[in-house]
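Here are a few notes to read alongside the model. Take them in order and keep the 3D view open.

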Amino acid sequence: MRKYSQLLLIIPFIGMCVLLPVANRIEPYILGLPFLLFWIVLWMILSSVILFIVYKLDPANKGSEV
Amino acid sequence: MNSALIIIFFVALVALYLGIRATRGKEMNVNEFAVGNKGFGTLFVFLLIAGEVYTTFTFLGGSGWAYSKGAAAYYVPSYICLAYVLSYWIVPKIWRFSNKHQVISQPQYFMKNYNSKALGVVVAFIGLIALIPYIVIQLKGLGIIVSEASYGTISPLMASTIGAIIVTIYVTISGIHGSAWNAVLKDAMILFVIVFLGIYIPYHYFGGIKPLFEAIQTVRPEALTFASEGLSKSWFISTIVLNAFGFYLLPQSFTVVLSAKSERALKKNAITLPLYTILILFAFFIGFSAIIQVPGLQGADGDLSLLRLTMQTFDPWFVGIVGGAGLLTALVPVSVMVMSGAVGLMTGFYKLIKPNSSDRQQLTVAKLFVLFIILIAYVFSIIGGDALAILNIMSYGLITQLVPALIFGFFNTKFMNAYGAIAGIITGVSIVLFNSITSFKLVNMFPNIPSVINDINIGFVAIAVNIFIGVSVSLITYIFVARESSKVIEELVK
């Protein structure tokens with residue numbers, strides 16, 4: 001399972017590209033931002049979270065520094 | 001002499017001092033000059049990569065695009081974020097190969113990966129023509145920022161000249177070390193300036209972020225979503241994917257990867273950098289505020305929206321701090337670009353002519369190439385007109401034509417060899433150049449295609465043709481070589 005953890009990196013591409021047409025609107029405002037801008041910020045934050053999960057699952061990161 | 005000018009000069013002197021001081025305690029050789037002896041940890045790699053994001057574009061282009069093109073400006077943080085996501089998979093492979101084969105430049109990477117000097121020359125040439133417009137844009141941006149922030153006391157040309165001299169001095173003395181130390185100062189200043197302005201201006205003029213966007217929704221609602229044609233959803237998606245693949249292939253980003261001391265430093269950066277990129281939003285807030293507060297800026301003048309609004313809102317001493325931060329956002333990226341371009345030319349061309357040259361000779365030649373590149377960029381920044389805009393648009397289109405060769409290179413397959421890579425790159429580059437010169441769109445060839453397809457970034461089409469040609473040529477040459485070698489073996493057996 002850990003071997004395939006890097007496949008999770010596809011998720012931000014789905015969020016920012018495939019699902020983008022759904023987000024192309026102004027309302028509702030969330031955190032003071034128009035919905036489209038909020039959507040992009042959300043995926044930037046989720047990208048970091050996903051990268052952190054992949055880093056933790058990645059067997060290459062076990063052990064000492066290369 | 002006004003207080004803004006004093007502060008800008010002070011920042012310039014500090015940058016020069018830090019750039020020169022960075023070499024202290026280090027014996028400068030080619031490896032140290034180009035990639036810091038592959039010794040940069042997580043923090044310096046972070047600052048240098050982030051330095052490629054927070055350039056004069058953040059000051060001028062980010063707010064300027066929000067001002068003039070609205071939501072289309074969102075493509076910038078989006079592609080950078082996806083580039084970091086991709087980097088987790090791509091960058092460690094590049095670093096591993098480079099570490100094993102003592103690679104110090106991008107042309108050398110492709111040369112050794114495909115065992116082809118010709119491919120190295122092609123990559124060095126493409127890297128150079130993609131880099132020059134970037135350096136020119138930074139020098140021009142520096143001129144505009146310093147000139148505006150000094151209330152016209154310093155002319156844009158004078159500011160560009162001073163900037164070019166500072167960069168030349170500290171790059172030739174310290175190489176990448178000078179850039180790294182200045183990146184520390186730059187990020188501290190820009191962090192303060194952009195976040196402060198991005199919060200203060202919307203609250204000062206509108207009472208908050210939401211009221212700002214509600215005001216925009218009233219006067220220009222189309223600025224908050226993508227257009228149905230032109231800068232549309234399909235333009236946005238194709239552009240962010242294309243640029244995400246191209247980001248780490250820009251010679252200056254590639255060089256930073258090579259300077260890391262471990263894979264782990266690069267992976268840790270991939271995690272944190274998307275969050276850091278969110279700061280570009282604050283530049284957008286300023287650009288959106290300017291739509292209402294500084295109306296009427298036409299065309300390229302939209303890029304002045306941040307500076308005009310700052311000068312309208314604050315005293316000269318604060319404008320000086322903004323100008324100083326703007327100066328650094330040009331100096332740091334330019335220094336990395338010039339240095340990586342110079343080392344690329346040295347390894348791509350000089351080492352081919354003089355393969356047995358000493359380390360000292362190579363270092364001297366690299367420094368001469370620094371002067372050569374900065375001089376070309378400086379001349380272009382003075383005389384460049386519309387041609388420059390064309391060059392800038394095609395920079396990413398050109399550099400992404402190296403993507404197929406890079407990706408296939410990871411797998412060492414018969415589907416891509418040096419012949420195929422060169423044929424594919426030349427075909428892709430030709431399409432990008434043709435598009436840039438003629439503004440060719442798909443609709444010119446297929447009049448009835450919907451705008452969803454017509455708006456797709458032409459670089460995408462070029463990549464598809466690049467892969468087709470590259471794989472075809474590789475397979476043909478593979479079969480041809482296999483046939484020839486079997487004939488030789490048969491003759492030897494006889």
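1. Start with B:E490, which sits in helix α23 of chain B, the stretch covering residues 458–493. Keep in mind as you look that this is a predicted model. B:E490 has a relative accessible area of 49%, so it counts as partly exposed, because that label covers values between 20% and 50%. For a sense of distance, pick out B:G64: it is 426 residues away along the chain, and the two C-alpha atoms are 68 Å apart.

2. Stay in helix α23 of chain B and find B:T477. Is B:T477 buried or exposed? Its relative accessibility is 19%, so it counts as buried; the cut-off for that is under 20%. The side chain of B:T477 makes a polar contact of 2.8 Å with the side chain of B:N417, and it also reaches the backbone oxygen of B:S474 at 2.9 Å. Leaving out residues up to four places away in sequence, B:T477 touches B:N417 and B:Y419.

3. Now for a place where the two chains meet. Helix α3 of chain A (residues 35–57) and helix α5 of chain B (residues 75–100) have axes that come within 10 Å and cross at roughly 10 degrees. That crossing angle makes α3(A) roughly parallel to α5(B), since angles under 35 degrees are counted that way.

4. Which residues do the meeting? From α3(A) come A:I40, A:W43, A:M44, A:S47, A:L51, A:V54 and A:Y55, and from α5(B) come B:P77, B:S78, B:C81, B:Y84, B:V85 and B:Y88. By type, the residues of this contact split into eleven nonpolar and two polar, with no charged ones.

5. B:S78, in helix α5 of chain B, deserves its own look. With 0% relative accessibility, B:S78 counts as buried. A polar atom of its side chain lies 2.7 Å from the backbone oxygen of B:Y74. Setting aside residues up to four places away in sequence, B:S78 touches A:M16 and A:I40 in chain A, plus B:F236 and B:I240 in chain B.

6. Last, helix α11 of chain B, residues 233–247. How far apart should its ends be? At 1.5 Å a residue, its 15 residues should span 21 Å, and the end C-alpha atoms are indeed 21 Å apart, so the two agree. The helix is mostly covered, with twelve of its 15 residues buried. Among them are B:F236 and B:I240, both of which you met in the previous point as contacts of B:S78.

Methods:
Residues are numbered from 1 along each chain as its sequence is written. Chains are lettered from A and ligands numbered from 1 in the order in which they are written. This is a predicted model: local features need pLDDT of at least 70, side-chain atom pairs count only at pLDDT 80 or more; totals for chains, interfaces and linings use all residues. Side-chain values use heavy atoms; hydrogens and water are left out. Helices (H or I, at least four residues) and strands (E, at least two) are DSSP runs, numbered from the N terminus. Buried means under 20% relative accessible area, exposed over 50%, partly exposed in between (1.4 Å probe, protein chains only). Axes are lines fitted to C-alpha atoms, for helices over the stretch in contact, and angles run from 0 to 180 degrees between N-to-C directions. Angles under 35 degrees count as roughly parallel, over 145 as roughly antiparallel, 65 to 115 as roughly perpendicular and the rest as oblique. Contact means heavy atoms within 4.5 Å. Ala, Val, Leu, Ile, Met, Phe, Trp, Tyr, Cys and Pro count as nonpolar, Asp, Glu, Lys and Arg as charged, and the others, Gly among them, as polar. The expected span of a helix is 1.5 Å times one less than its number of residues. A polar contact is a pair of N or O atoms within 3.5 Å; within protein, one must be able to donate a hydrogen and the other to accept it, and residues adjacent in sequence count only if both atoms are side-chain atoms.
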